[in-house]
Amino acid sequence: AYQFKIPITPSTTSKSIRFPNDLLEEVDEVLQGTNCIFSAFVIEAVRVAVANVKEEQNNAKSPS
């Protein structure tokens, strides 16, 4: 049986970002019919981007 743990909400900071209108329209299209909100989508996209950059940096440091 799994033990229930009360989730911890991470602290957050509000940032104002300007998005190109065409990109906002594309994101809105992708999110239609989902339960995902814009902020959650952007946060996940940034997490993936950061992970990819770190992986590329680590690969560049490693001798091939």
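Asp22, Glu25, Glu26, Asp28 and Glu29 together form a negative patch on the surface. This is a predicted model, so please read the values below as computed from it. Alongside the patch, the structure offers an aromatic pair and a helix α2 that spans residues 38–61.

**The negative patch**
- One of the patch residues, Asp22, sits in helix α1, which covers residues 21–31.
- Asp22 counts as partly exposed because its relative accessibility is 49%, and the exposed class begins over 50%.

**The aromatic pair**
- How many aromatic pairs does a search of the whole structure find? The search turns up 1.
- Phe19 and Phe38 make up this pair, with ring centres 5.4 Å apart and 80° between the planes, an edge-to-face arrangement.
- Which parts of the chain does the pair link? Phe19 belongs to the segment before α1, while Phe38 belongs to helix α2, and the two are 19 residues apart, so the pair links distant parts of the chain.
- Phe19 has a relative accessible area of 28%, which makes it partly exposed.
- Phe38 is partly exposed too, with a relative accessible area of 29%; buried would require under 20%.

**Along helix α2**
- Ala40 is another residue of helix α2, and its relative accessibility of 37% places Ala40 in the partly exposed class.
- How far apart are Ala40 and Glu56 in space, C-alpha to C-alpha? The distance is 24 Å, for a separation of 16 residues in sequence.

Key
Residues are numbered from 1 along each chain as its sequence is written. This is a predicted model: local features need pLDDT of at least 70, side-chain atom pairs count only at pLDDT 80 or more; totals for chains, interfaces and linings use all residues. Side-chain values use heavy atoms; hydrogens and water are left out. Patches are made of residues with over 30% relative accessible area and no salt bridge: like charges are joined within 9 Å, nonpolar side chains (Val, Leu, Ile, Met, Phe, Trp, Tyr) within 5 Å. Accessible areas come from the Shrake-Rupley method with a 1.4 Å probe; for residues, only the protein chains shown count as cover. A salt bridge is a side-chain nitrogen of Lys or Arg within 4 Å of a carboxyl oxygen of Asp or Glu. Lys and Arg count as positive and Asp and Glu as negative; His and the chain ends are not counted. The place of a charge is taken as NZ of Lys, CZ of Arg, CG of Asp or CD of Glu. Helices (H or I, at least four residues) and strands (E, at least two) are DSSP runs, numbered from the N terminus. Buried means under 20% relative accessible area, exposed over 50%, partly exposed in between (1.4 Å probe, protein chains only). Rings of Phe, Tyr and Trp (its six-membered ring) pair if their centres lie within 6.5 Å; planes under 30 degrees apart count as stacked, over 60 as edge-to-face and the rest as tilted.
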